[in-house]
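I am opening a notebook on a structure I have not looked at before. I will go from the overall fold to the strand pairings, and from there to the core and the aromatic rings.

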Amino acid sequence: MGGTGWTSWSPDGARVAFDSGTAANREVWTIDVNTGERKQITRIGANASFPGWSPDGTQLSFYLYRGGTLEIWVVGADGRAAEPFDGDLAGGGGVGPDTL
């Protein structure tokens, strides 16, 4: 794990999402605030950064920069099903300062 960047608290306060890595390759991780357990959420091999939680805490949104293109993606908080953002987050949330 390299340097840590942006951090975001989960809605229930139990986890913190953060991006970590090098300038050329950052990934999204979470850490359980009670146990200190870290979990790598993305394994994209590009710059995944600035994670933010969905209102219900089941998804994370993040910026993905690769090949000169900046996109917004979402992934399950468990690390499953990373995909481009379609405009809606789980729990009825849309795009806003706390979700991106």
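**Overall fold**

I looked up the secondary structure to begin with, and the protein comes to zero helices and eight strands. Read along the sequence, I get the pattern β-β-β-β-β-β-β-β. I keep in mind throughout that this is a predicted model.

I then looked at burial, and noted that buried residues make up 40% of the 100 residues in the protein. The protein exposes about 5,400 Å², and carbon and sulfur atoms supply 50% of that area. For contacts with a separation of 6 or more, I found that 28% are accounted for by residues 24 or more positions apart.

**Strands E6, E7 and E8**

How many bridges pair E6 with E7? I found eight bridges, running in the antiparallel sense, between strand E6, which covers residues 59–66, and strand E7, which covers residues 69–76. Following one position across this pairing, I saw that Ser61 stands opposite Val74 in E7. The two strands form a hairpin with two residues between them, and in its turn I noted that Gly67 has a positive phi of about 60°.

On going further along the chain, I found that E7 is also joined to strand E8 (residues 83–84), by two bridges and again with the strands running antiparallel. Here I looked up Trp73, whose bridge partner in E8 is Pro84. E7 and E8 form a hairpin too, with six residues between the strands, and in this hairpin Gly79 takes a positive phi near 95°.

I stayed with E8 for one more residue, Glu83, which is found in that strand. Is Glu83 buried, partly exposed or exposed? I recorded it as partly exposed, because its relative accessibility is 40%, and the partly exposed class lies between 20% and 50%. Leaving aside neighbours within four places in sequence, I found Glu83 in contact with Trp73 and Val74. From Glu83 to Ser61 I noted 9.6 Å, C-alpha to C-alpha, for two residues that are 22 apart in sequence.

**The largest nonpolar core**

Which residues make up the largest nonpolar core? I listed twelve: Ala17, Val28, Ile41, Ala46, Ala48, Trp53, Leu60, Phe62, Leu64, Trp73, Val75 and Ala77. The elements that give two or more residues to this core are strand E5 (47–53), E6 and E7. Of these, E6 gives the most, with three residues.

I picked out Ala77 and looked up what it touches, not counting residues up to four places away in sequence: Arg15, Ile41, Trp53, Gly57, Thr58, Gln59 and Leu60.

**Aromatic rings**

My last search, over the whole structure, was for aromatic pairs, and it finds two. One of them is formed by Phe50 and Tyr63, edge-to-face, at 5.8 Å centre to centre and with 75° between the planes. Phe50 lies in strand E5 and Tyr63 in strand E6, so I noted that the pair ties together parts that are 13 residues apart in sequence.

I checked the exposure of both partners: Phe50 counts as partly exposed at 38% relative accessibility, and Tyr63 counts as partly exposed at 28%. Finally, I wrote down that Trp6, Phe50 and Tyr63 form one aromatic cluster.

Methods:
Residues numbered from 1 in each chain as written. Predicted model: local features only at pLDDT ≥ 70, side-chain atom pairs only at ≥ 80, totals over all residues. Heavy atoms only, no water. Pairing = 2+ DSSP bridges. Helix = DSSP H or I, 4+ residues; strand = E, 2+ residues; numbered from the N terminus. Buried < 20%, exposed > 50% of the residue type's maximum accessible area, 1.4 Å probe, protein only. Contact = heavy atoms within 4.5 Å. Areas by Shrake-Rupley, 256 points an atom, 1.4 Å probe, with all protein chains shown as cover. Core = buried A, V, L, I, M, F, W, Y, C linked by side-chain atoms within 4.5 Å. Phe/Tyr/Trp six-rings, centres within 6.5 Å; stacked < 30°, edge-to-face > 60°.
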